[in-house]
Amino acid sequence: MLESSHIPDLVLPPLKTKVVGRHVHTFQCVDSTNDLALAHADHGAVFVADEQASGRGRQGNRWHSPPGTGLWFSICLNMAPRGLTFAAALAVRDAVLPRARLRVKWPNDLLCGTRKICGSLVEHRDGWSALGIGINVMQSAEDFPPELAEKAGSLYSITGMPWSRAEVLHGVLTALDVYVDRIARGNYELVRVEWARECDMVNREVCRGAVSGRVCGIDEDGALLVRTASGVQRLATGELDACATRGAQGEGNWNATRRPGA
Ligand code: BTN
């Protein structure tokens, strides 16, 4: 697979980061940038693609990654996956402020209203993590497939203003470097607490399957602690059922569609 330097709006201004973006590899089309990050033992290297043929979302979902409009990239990190999705959500939030205010939807989505703008996926192998981030940047409503039409949005569609993919990527990598550094130095808890505050899940009514109740806390791994009729139960990462909308957090979102048969 050939690297490409001919995608003008993916050419990054120089980064002043410590680790994230030490090397940046840009491709026209790949299956999944997470595959590239997992295949290279190069701490801090970033793999960006204009298009992904088999972009992956969480829980076996497919991630719609057409050319020319979004940011699909993964960071290769020689560290455990713990906290990396929190870092991603906070970094994207920081990078688009003040032009757009995105909110973090537990566990790892960034929404505007009920529309999903960004998702992240961490995969781990042999001590290395691939932190994959997908951001819808310049899509118009008609660019999303019908099944995402009501759920997905882009920075352009929510602000009505053009965004440069390179500038957004530069901002995300710059902010991410700070959060990753905090985690690497043993300050995971600082990142988790900031992410948990952004999620704003405490006191919300949630349900998943048989578990239904009010969130009374978020534990050290980011799981929801839910007070139910039969005591406190733990909901680890995963989608909540539609009743999660009670208490405010929107539920419909997604750039991801379930794989047929998944
Ligand atoms: C989700 O919300 O379900 C996670 C979506 C993660 C998508 C990104 S795009 C870059 C990287 N490569 C992939 O195949 N997936 C992640």
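# Exercises on sheets, a helix and enclosed space

Strand 10 (residues 211-218) and strand 11 run antiparallel and are joined by 4 bridges. Two strands count as paired if DSSP finds at least two bridges between them; helices (H or I, at least four residues) and strands (E, at least two) are DSSP runs numbered from the N terminus. The model is predicted: local features need pLDDT of at least 70 and side-chain atom pairs count only at pLDDT 80 or more, while totals for chains, interfaces and linings use all residues. Residues are numbered from 1 along each chain as its sequence is written, and side-chain values use heavy atoms, with hydrogens and water left out.

## Exercise 1

Describe the surroundings of strand 11 and the sheet that contains this strand.

Solution.

Step 1. Take the link to strand 10. Ile 218 has Leu 224 of strand 11 as its bridge partner. The two strands form a hairpin with 5 residues between them, and Gly 222 in the turn has a positive phi of about 90°.

Step 2. Take the other neighbour. Strand 11 and strand 12 (residues 231-235) are antiparallel and share 5 bridges. The partner of Arg 227 in strand 12 is Val 232. A hairpin of 2 residues connects strand 11 to strand 12.

Step 3. Place the strands in the sheet. The order is 9-10-11-12 in an open sheet of 4 strands with antiparallel pairing. Strand 9 (205-208) and strand 12 are the edges, each pairing on one side only. On average, neighbouring strands here are turned by 45° against each other, direction ignored; axes are lines fitted to C-alpha atoms, for helices over the stretch in contact, and angles run from 0 to 180 degrees between N-to-C directions.

Step 4. Assign the faces of strand 11. In a regular strand the side chains alternate between the two faces of the sheet. In strand 11 (residues 224-228), Leu 224, Val 226 and Thr 228 point to one face and are buried, whereas Leu 225 and Arg 227 point to the other and are not. Buried means under 20% relative accessible area, exposed over 50%, and partly exposed in between (1.4 Å probe, protein chains only).

## Exercise 2

Determine the strand order and the edges of the sheet of 7 strands.

Solution.

Step 1. Read the order. The 7 strands follow 1-2-4-8-7-6-5 in an open sheet with mixed pairing.

Step 2. Find the edges. Strand 1 (24-30) and strand 5 (103-105) each pair on one side only. The average turn between neighbouring strands is 20°, direction ignored.

Step 3. Examine one pair. Strand 6 (residues 109-112) pairs with strand 7 in the antiparallel sense over 3 bridges. Cys 112 stands opposite Arg 115 of strand 7.

## Exercise 3

Is helix 2 largely enclosed or open?

Solution.

Step 1. Check the length. Helix 2 (residues 84-96) has 13 residues and reaches 19 Å from its first C-alpha to its last, close to the 18 Å expected at 1.5 Å a residue; the expected span is 1.5 Å times one less than the number of residues.

Step 2. Assess burial. Of the 13 residues of helix 2, 11 are buried, so the helix is largely enclosed by the rest of the structure. Among them are Leu 84, Phe 86, Leu 90, Arg 93 and Val 96.

## Exercise 4

Characterise the largest cavity and the largest pocket by volume and lining.

Solution.

Step 1. Fix the terms. On a 1 Å grid over the protein atoms alone, a cavity is a set of points where a 1.4 Å probe fits but cannot get out; a pocket is an open set with protein on both sides within 12 Å along at least five of seven lines; lining residues have an atom within 4 Å of a point. Grid points are joined across faces, edges and corners, and a volume is the space filled by probe spheres set on the points.

Step 2. Treat the cavity. The structure holds 1 cavity of 30 Å³ or more. The largest cavity has about 190 Å³ of space. Its lining comprises 21 residues, with Arg 56, Trp 63, Leu 121, Gly 132 and Gly 134 nearest the centre. Strand 7 gives the largest share of this lining, 4 residues.

Step 3. Treat the pocket. The largest pocket has a volume of about 430 Å³. It is lined by 24 residues, and Pro 81, Thr 85, Phe 86, Asp 221 and Thr 237 are the closest to its centre. Strand 7 supplies the largest share of the pocket lining, 5 residues.
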